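Biologist: I have a model on screen and a list of labels for it. Take me through where those labels come from.

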Protein chains: 2
Amino acid sequence: MNQYKHVALIGLGLLASSISLAMRRAGMDTRITGTARSCETRKTALEIGLVDAVFDTAAEAVKGADLVILCAPVGAMSAIAAEIAPHLSEGCTISDVGSVKRAVVNAVSPHMPENVHFIPAHPMAGTEKSGPEAGFASLFDNRWLLITPLPDTNHSAVERLMAYWTALGSNVELMKIDHHDLVAAVISHTPHLIAYTMVGVADGMNKVAKTEVVNYSAAGFRDFTRIAASDPTMWRDVFLNNKDATLEVLGRFTEELLALQRAIRLEDGDFLFDYFTRTRDIRRSIVDAGQDTEAPDFGRIKPEK
Amino acid sequence: MNQYKHVALIGLGLLASSISLAMRRAGMDTRITGTARSCETRKTALEIGLVDAVFDTAAEAVKGADLVILCAPVGAMSAIAAEIAPHLSEGCTISDVGSVKRAVVNAVSPHMPENVHFIPAHPMAGTEKSGPEAGFASLFDNRWLLITPLPDTNHSAVERLMAYWTALGSNVELMKIDHHDLVAAVISHTPHLIAYTMVGVADGMNKVAKTEVVNYSAAGFRDFTRIAASDPTMWRDVFLNNKDATLEVLGRFTEELLALQRAIRLEDGDFLFDYFTRTRDIRRSIVDAGQDTEAPDFGRIKPEK
């Protein structure tokens, strides 16, 4: 593989820190530079060795890099692209890890000079934690990286990026930009919104005490709170930037939920039973595909108490 | 503690098998008898030592027991109560593990003879697995058991049952019957229905292939599939028997979801950001209360692949 010699990480949160650790694990002797908006984050990233050098600005961080990965919230991408554009090395690749792709293309493309390769990408992996200390080397193992190339993108630049992510542990697939955004709305964005909503409902029920919600949460609710503990800035930007696909999936969701609600009201047990049986299959497929553990309750660690 | 000498388990699934294993772990030398509707389940339960004796009928299984625990789906409780009533020992306690309590009280109470103690209960614990081999001894550790006594219940019989569940690892709390059903609708029943719905939506999107849903599920969706893999019969019965509280919470859920949907449509980023920030706190409280792990992604086991 034609390895990158210098990777610049713009934003140093969960994904950037995991990228750095996975690169080191893969034995890449690549120079890693980085920047983050917060001074504290920059300091931590340097201290724990995520980067060889940290810079106050993205413009400085990208100098000399042959791969730049934008790891900032989607809403920040346009300003970053404008800032780094004059400082990019000829022939370098610009990629990202944003959860939506059409909006990132619209935000970044206009700023990109002719002589660089802009290749949008999205790793289907993460946890509810944020910040430079949240990363771990195995985050991308057997998870999928979706690349959504623009029509005129240099083929060998795409292959080079694919090889890089494969070395980080990912499976890699190419996808059309708008199809990506719909798929992400189904398997990530809408589930997150639903989880946020369910937690908001429980928090706002004044007939049920907060201690009750907390103490009895093991009966199902606590799973939703993990997802609803994800980074608010990132998720605000996701919904603002994948509006149409999210609204489409939400429309379907509401329709289905009302059908189930009606079955409860009409006491249609057969409808409920059939629905609940059908959904079991998809769990089986996910476990079979190696995307989740078969262990009960995710093999969840029981806290000492 | 005035230990029970003979416990009869009616139904031998996840909860009954966990009760048996937790009793053995606690060193109780109690006789355990049991029954289940399926011949295969009865055979397995005896083979793996969950019960000292297994019977074809509930009527036989309860003979001589000083504690009978109904571990069958809520919809089966009335028929079981009618069947066992003539065979109950004088002064014995009848309890259950049903997820709803008003319906269980209505189903069981009318059949109970004068000289027994009927004490409804509900352990706030479980996994997505079912059957006699799904149980484990630590299921109830630091989880809450809610007891919803009837107004005229013998106080020392309640205390005896509380001590028993404490020995199985539970924290125990008393609660009013209807309040239990509302709390359960918030922290368990509605989250399950939402998860079933989300999985149904993803499964039914014909613009997104099933392999896409499966492969990229680590981005949030797979958590929903775990909950939506729970036993369909049990959950059908839950919704049919906790209709009013579930519909009340669903009304709130739809209202909140529409508010978030509107914020997305109107691109009200501040509304979204504030909402997503508020929901982080409750996760913190759940971790602090020892009800979930702080480890990212539940400390989830990564499948080999």
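The talk below goes from the chain pair to its helices and domains.

Modeller: This is a predicted model, where local features need pLDDT of at least 70, side-chain atom pairs count only at pLDDT 80 or more, and totals for chains, interfaces and linings use all residues. Residues are numbered from 1 along each chain as its sequence is written, while chains are lettered from A and ligands numbered from 1 in the order in which they are written.

Biologist: What makes the relation of chain A to chain B that of a two-fold axis?

Modeller: Copies are superposed by least squares on the C-alpha atoms of residues with pLDDT of at least 70 in both. A turn of 180 degrees and a shift of 0.0 Å along the axis lay chain A on chain B, with an RMSD of 0.0 Å. That is therefore the relation of a two-fold axis. In chain A, A:Arg300 has the C-alpha nearest the axis, 2.8 Å from it.

Biologist: How do you know which residues belong to the contact of the two chains, and how many does each give?

Modeller: Two residues are in contact if their C-beta atoms, placed from the backbone, lie within 7 Å. Chain A gives 99 residues and chain B gives 99 residues. On the chain A side, H7(A) brings the largest share, 18 residues. By class, that side has 51 nonpolar, 24 polar and 24 charged residues. Ala, Val, Leu, Ile, Met, Phe, Trp, Tyr, Cys and Pro count as nonpolar, Asp, Glu, Lys and Arg as charged, and the others, Gly among them, as polar. The same surface serves both copies, as 100% of the contact residues of chain A recur in chain B.

Biologist: Why is H11(A) called roughly antiparallel to H11(B)?

Modeller: Helices (H or I, at least four residues) are DSSP runs, numbered from the N terminus. Axes are lines fitted to C-alpha atoms over the stretch in contact, and angles run from 0 to 180 degrees between N-to-C directions. Under 35 degrees counts as roughly parallel, over 145 as roughly antiparallel, 65 to 115 as roughly perpendicular and the rest as oblique. H11 (residues 243-265) of chain A packs on H11 (residues 243-265) of chain B at about 165 degrees, with axes 11 Å apart. So H11(A) is roughly antiparallel to H11(B). Among the contact residues are A:Leu247 and A:Leu250 of H11(A), and B:Leu247 and B:Leu250 of H11(B). That contact has six nonpolar, four polar and four charged residues.

Biologist: What makes H12(A) roughly perpendicular to H7(B)?

Modeller: The angle is about 65 degrees, and the axes lie 9 Å apart. H12(A) is therefore roughly perpendicular to H7(B). Residues that meet include A:Tyr275 and A:Phe276 in H12(A), and B:Tyr196 and B:Val199 in H7(B).

Biologist: Is the crossing of H12(A) with H7(B) left-handed or right-handed?

Modeller: A crossing is left-handed if the near helix is turned anticlockwise from the far one by less than a right angle, and right-handed if clockwise. H12(A) passes H7(B) in a left-handed crossing. H7(B) passes H11(B) in a right-handed one.

Biologist: How do you know where the domains of chain A begin and end?

Modeller: The bounds come from an automatic or database domain assignment. Domain 1 of chain A is 6-175 and domain 2 is 179-299. Their C-alpha centres lie 29 Å apart. In domain 1, 15 residues are in contact with 18 residues of domain 2.

Terms used
Helix = DSSP H or I, 4+ residues; strand = E, 2+ residues; numbered from the N terminus.
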